[in-house]
Amino acid sequence: MTDAAHQVHPVPSRLLNDPKFPKPHVNSFENYEKIYEESIKDPETFWGKKANELLHWHKPFEAVLSGGFEHGDVAWFREGELNASYNCVDRHAYANPDKVAMIYEADEPGNSRHITYGELLHQVCRLANALKALGLKKGDTVAIYMPMVPEAAIAFLACARLGIIHSVVFAGFSSGALRDRINDASSKIVITSDEGRRGGKTIHIKKIVDEALKECPTIEHVLVFRRTGSDVPFSAPRDLWWHEELEKYRPYCPPEIVDAEDPLFLLYTSGSTGKPKGVLHTTAGYLLGAAITLKYVFDYHENDIYGCMADIGWITGHTYIIYGPLVNGGTTVLFESTPMYPTPSRYWEVVAKHKITQFYTAPTAIRLLRRHGNDYVKGHDLSSLRVIGSVGEPINPEAWEWYYEVVGRKECAVVDTYWQTETGSIILTPLPGATPMKPGSATFPFFGIQPVVLDPVSGKELEGNDVEGVLAIKKPWPSLARTVYNDHNRYLKTYLNPYKGYYFTGDGVGRDKDGYYWIRGRVDDVMNVAGHRLSTAEIESALICHQSVAEAAVIGIDDELTGQCVHAFTTLKDDQIADVKELTLQVRNVIGPFAAPKKIYIVNDLPKTRSGKIMRRILRKIVSGESDQLGDLSTLADPSIIPVLIEKVKSS
Ligand code: 6R9
């Protein structure tokens, strides 16, 4: 492990003592431990109380938890009735109509728009009425393929208002990927836009939809929001303009009150192989997970401006741009652009401009910005920030330190939050006012979550500290996905059967001597080299410690002698040079000779998903000489780098 990872950073005293700041909800580690113990000892009392505290119920629930992992029949808050859009919009619109619900920061700097709760209610209701008039009803599915505009959030909430299941497809997916997701969910309508704008570029969204719809028999209508106003193909009567439809309807629509366990949405996620799974979340459990984690993990208070930089097409956008902030009556920022547009200062300009209090992004963005240097951060007033978060993959301790020191000026809590599409909300995380932080560790379980480290072979729980294994969760919690759409067997097979009685995350994990959890990455990213268990993340971290290295991706390749051997791909910082020998020495020095990569390839770019996760599977195939079997590349951000990588591997 690197030096940075050994440091323990206490809770920044500014959070606890500065009178300008609200008192943290949980303000000591003892306090966290006490609430955590209660939540584990008597989960039903804990969750029942929180469900009543954080959500509005139209009819009270009669049981907190029924069923369990054993039979895959978990149900929370049975017989309770509520509506997610009422919880996220109406109750705040009536109490506080002029409060800003959303700040839209458009791709073009200087172009932003504020939307109050009162306005949000009107727009959600108009759209809900339009959907109703098109014949949609509770239990139908609607595909949302939208850029990062407030109308996307309005679409989520209008569906939720009618009990319609939304299935959001990230607007960077290809027409083929969109088609497959529409067909799997039998969606009846696509809500989309003419075009999108991102990083100064135009995305031809409607054209992609048209291409997809050549093979989508269930689609009856396409509702098109005008984002850029360019001429786009439009085929009436199938296609309808958003603005023309909404004008027809009054700005009130009664919410459809649904059962706690009725579905709220589907979100497709790719497993390591095979076709994407439609992960299904239910109304009450998911909403409670979003509400409670936003409040405690980000220490959300009434006047905060919450900024999550993810895309609404991913689970992070669902939970921490839309449902979490709005269910708490907060103000959420919708950021349409990229961290690089027009310059690598954009994030910090946005933080200063809107006085963002909680900022949430991914390690890949943090590493990218670190690579461009501190000057882009300096000179921006970031003093509004209290909590800065990271999500999506393990964060290298060096990137963590940069985030903490340069962005957070050692005055903000860094929350490295671990969770998944399936878990619905954060499950391992520090709490800003309570948890001493270790760079690279997601630290401890959130309330009500019982993580266990299992021996991957025997499936036995590894007790005590200083253990390594796979991460599973022992007891149900409300926001865990209930099923895979139309394929419950796949749900059981993927998550509940591998280790009977547990939810299996698919991630490797270590619990260190102090009880801190360290996510090692997906289990298939853990290597065994000559009997040594190595994590890709650990070697990557060693490489990134080298002053020249910007990013690193490490893979395990079959080896006759050692079982597996290590191959590494690295990109270098601007204007830096390094050779393979030097980088090999770096890993030998930081971890040990046994971890030294057998091969290092210095490249210009790494294959990444559109949400920024490095696709190590592709690198593994290329190195193993299986470039003709790369599998599903639809999630790849830039396919043009593949031939370059193949050439590089061939010639080295
Ligand atoms: C929220 C999200 C889930 C996978 C997960 C794990 C990785 C997410 C992480 C992390 C280490 C963190 N992951 N957060 N690994 N530290 N803080 O990203 O959902 O897209 O479904 O990905 O991402 O491997 O299993 P999703």
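The following dialogue concerns a predicted model and asks how its features earn their descriptions.

Visitor: What makes the pair formed by the ligand and the side chain of Thr421 a polar contact?

Guide: A polar contact requires a pair of N or O atoms within 3.5 Å. An oxygen atom of the ligand is 2.6 Å from an N or O atom in the side chain of Thr421, so this pair meets the definition. The side chain of Gln420 also has an N or O atom 2.9 Å from an oxygen atom of the ligand.

Visitor: How do you know how much of the ligand the protein buries?

Guide: The ligand taken alone exposes 530 Å², and the protein buries 89% of that area. Helix H12 (315–327) and strand S25 (517–522) are the elements that give two or more residues to the shell around the ligand.

Visitor: Which residues come nearest to the ligand, and how does the shell divide by character?

Guide: Of the 16 residues around the ligand, Asp416, Thr417, Thr421, Asp507 and Arg522 come nearest. The shell comprises 6 nonpolar, 5 polar and 5 charged residues.

Visitor: Why are strands S12 and S23 said to stand at the edges of the sheet?

Guide: The open sheet has 8 strands in the order S12-S11-S8-S6-S7-S14-S15-S23, with mixed pairing. Strand S12 (239–241) and strand S23 (483–484) each have a single partner strand, so one side of each lacks a neighbour in the sheet.

Visitor: How do you know that S15 and S23 are paired?

Guide: Pairing requires at least two bridges between two strands. Strand S15 (residues 277–282) is joined to S23 by 2 bridges, so the two strands count as paired. They run antiparallel, and Val279 stands opposite Val484 in S23.

Visitor: Which strands does helix H7 lie across?

Guide: Helix H7 (residues 150–162) lies across strands S6, S7, S8, S11 and S14, and runs at about 175° to S6. Helix H8 (residues 175–185) lies across S6, S8 and S14, at about 140° to S14.

Visitor: What is omega for the cis peptide bond that joins Tyr341 and Pro342?

Guide: For that bond omega is about -5°. Pro342 belongs to the loop between strand S17 (331–335) and helix H13 (346–354). The bond from Ala236 to Pro237 is also cis, with omega near 0°, and Pro237 is in the loop between S11 and S12.

Visitor: What makes the phi of Arg409 notable?

Guide: Most residues other than glycine have a negative phi. Arg409, in the loop between helix H15 (397–407) and strand S20 (413–416), has a positive phi, near 45°.

Technical notes
Residues numbered from 1 in each chain as written. Predicted model: local features only at pLDDT ≥ 70, side-chain atom pairs only at ≥ 80, totals over all residues. Heavy atoms only, no water. Near = heavy atom within 4 Å. Polar contact = N/O pair within 3.5 Å; in protein donor to acceptor, adjacent residues only side chain to side chain. Areas by Shrake-Rupley, 256 points an atom, 1.4 Å probe, with all protein chains shown as cover. Helix = DSSP H or I, 4+ residues; strand = E, 2+ residues; numbered from the N terminus. Nonpolar A, V, L, I, M, F, W, Y, C, P; charged D, E, K, R; others polar. Contact = heavy atoms within 4.5 Å. Axes fitted to C-alpha atoms, helices over the stretch in contact; angles between N-to-C directions.
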